[in-house]
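Visitor: I would love a close look at one part of this protein, its interior. Could you walk me through what packs there and what pairs up there?

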Amino acid sequence: MTQPPESLHRSPEPPRRKPKNVGPAVVVGTALELFDFYLYASMAALVFGPLFFPSANSTVSTLAAFSTFAVGFLARPLGGIVFGILGDKIGRKAVLSFNLLLMGLASGCIGLIPSYETIGIAAPVLLVLFRIVQGLGAGAEFGSAIAMSYEHADAKSRGRQGAWPAMGVSVGLLASSLAVAAVTSLSDDALYSWGWRIPFLASFVLVALGYWMRRNLPETPDFEKVAAQAQTRKKAQPFRDLLKHHWRGLTVVAVSTIGVNGISYIFKTFSLSYLSEFRDVAANVGAFGISLASAVALVTIPVAGRLCDSTGTRRIMLIGAGCVAGLAFPFFWLLNTDRPVYIWLALILTVGIVQPTLLAASGSFLARQFPPEVRASGLGAGREVSGALAGGLAPLAALTMVSLSPTHSTWGVSLIFIVGAMLIAGAALGDQYRTISISNHTGATESAPAAQ
């Protein structure tokens, strides 16, 4: 059987008055997350080594700088779990506002840290400290943003609304790639002395705008309804209830995220390393391709969100999984031509169309795996723990496979794409939406067949 639109699974509900500023407020926060992520990764590769970890061996300096990048990944799961629980206890609005402050202020402060030459060991210590704070805030951002977008939408527009965080991701990636391109066009003296600081300091402006927008958002209707039914939300134990009653939804979210994040990081990060290290393609070719793809994604995401509402979220997830599998080998055939036009085509197809489609559909798909009382906890725990695992290991596994191959073969990486597609498809087939919908209407906790 085919899957009807998501709205057909629910009983008619009264139309909601959707605040007009939900979309912009969500986009600003998630854009800041990706802006900081890509910016930090770029600066760790370019300037943090000699500035904060000086060494006679430049490779050692760069590796030390990248280790601080990994620290942020380790902090994200903790942030996702802790702030997810708080989101189910005190509300989505308060947590989203606080997350934004953590991320934005930590990023801005990174731009103020003096170099190792100026303050010695305190410089790398401060860098690590602010990176941990940045990771804690980022860990709760995407899941909380999904919950906010999804719960402010009516049943007929949850695909479109749930795609707002994905739009923020593409805006942030585009803005950061342009910022890195701008500062790296400066002379080396300018870049190392003050140029690298400018994008980080811009976070102060972004966080001020985003915080003002989020503080003016109303709380979501779903959370208000749950809070009104409970004697006090402060006594709720959402994480315990999540593990006890909603482990199936948690598993679906984890499996889906491993698939989506794994292929995403290989498309966006490993491909650039592969081109420069194994194909001798100029670095600016891949960087420009990512910028082009990010611009295309700004069109792809709203289209994918609308298709989720008209066609069905699960169907879009399955189509996206099929596209990943279909591109597993052609992606590298295009990259291996070493011709910029074909490289850009490969990146546009993957980073600009397929990956944003999956990310857009993931918004409503992941949110609907949980009832409102544990939604923020489920999204924070399920997405961030598995996402950190996939994001950290998938590019490393891909790089290792190619490096160990005498001919630098990419067959192993293509197989990773196919495994990722299978995980996404398996998660889509395990969709708990109908189970959650029945439970919400009847108060039952028994399983029901997944939506077809």
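Guide: Gladly. Let us begin with the largest nonpolar core, which has 96 residues; the members that touch the most others are Phe48, Phe52, Trp196 and Phe417. Please keep in mind that this is a predicted model. Take Phe48 as a way in: leaving out residues up to four places away in sequence, Phe48 touches Tyr40, Met43, Phe53, Ala65, Ile110, Leu127, Trp196 and Phe200. A separate core of nine residues lies apart from the largest one, and Val28, Met148, Met213 and Leu217 are among its members. In soluble globular proteins, nonpolar side chains tend to be buried together.

Helix H9 shows how a short element can have a buried side. H9 spans residues 188-195, and within this helix Ala190, Leu191 and Gly195 are buried. These three cover an arc of only 100 degrees around the axis, so they sit on the same side of H9. The cover over the buried residues of H9 includes helix H8 (164-183) and helix H10 (197-215). On the face turned away from the buried side, you will find the exposed residues Asp188 and Asp189.

Now for the charged side chains. The model has 11 salt bridges, and three of them deserve your attention here.

The first to look at joins Arg214 and Glu141, whose closest N and O atoms are 2.7 Å apart. Arg214 belongs to helix H10 and Glu141 to helix H6 (residues 122-151), so this pair links distant parts of the chain, 73 residues apart. Are these two partners buried or exposed? Both Arg214 and Glu141 are buried.

H6 also provides a partner for the next pair: Glu151 and Arg375 meet through their side chains in a salt bridge, at 2.9 Å from N to O. Because Glu151 lies in helix H6 and Arg375 in helix H18 (residues 375-404), the pair ties together parts that are 224 residues apart in sequence. Here too, both residues are buried. Glu151 and Arg375 also belong to a wider network of salt bridges, in which they are linked with Asp88, Arg92 and Asp222.

The third pair is Arg368 with Asp431, a salt bridge with an N to O distance of 2.2 Å. Both partners come from loops: Arg368 from the one between helix H17 (340-367) and H18, Asp431 from the one between helix H19 (411-429) and helix H20 (433-442), so parts 63 residues apart in sequence are tied together. Arg368 has 1% relative accessibility and therefore counts as buried. Asp431, at 0% relative accessibility, counts as buried as well.

For contrast, here are two spots outside the buried set. Arg160, in helix H7 (residues 158-162), is partly exposed because its relative accessible area is 32%. Beyond its neighbours within four places in sequence, Arg160 is in contact with Gly305, Arg306 and Asp309. Its C-alpha is 9.0 Å from that of Ser149, a residue 11 places away in sequence. The other spot is a nonpolar patch on the surface, formed by Leu78, Val82, Leu86 and Ile90, with about 320 Å² of accessible area together. Val82, one of the patch residues, lies in helix H3 (residues 58-90) and counts as partly exposed at 39% relative accessibility.

Key: Residues numbered from 1 in each chain as written. Predicted model: local features only at pLDDT ≥ 70, side-chain atom pairs only at ≥ 80, totals over all residues. Heavy atoms only, no water. Buried < 20%, exposed > 50% of the residue type's maximum accessible area, 1.4 Å probe, protein only. Helix = DSSP H or I, 4+ residues; strand = E, 2+ residues; numbered from the N terminus. Arc of directions from axis to C-beta. Contact = heavy atoms within 4.5 Å. Patch = residues over 30% accessible without salt bridge, like charges linked within 9 Å, V, L, I, M, F, W, Y side chains within 5 Å. Areas by Shrake-Rupley, 256 points an atom, 1.4 Å probe, with all protein chains shown as cover. Salt bridge = Lys/Arg side-chain N within 4 Å of Asp/Glu carboxyl O. Core = buried A, V, L, I, M, F, W, Y, C linked by side-chain atoms within 4.5 Å.
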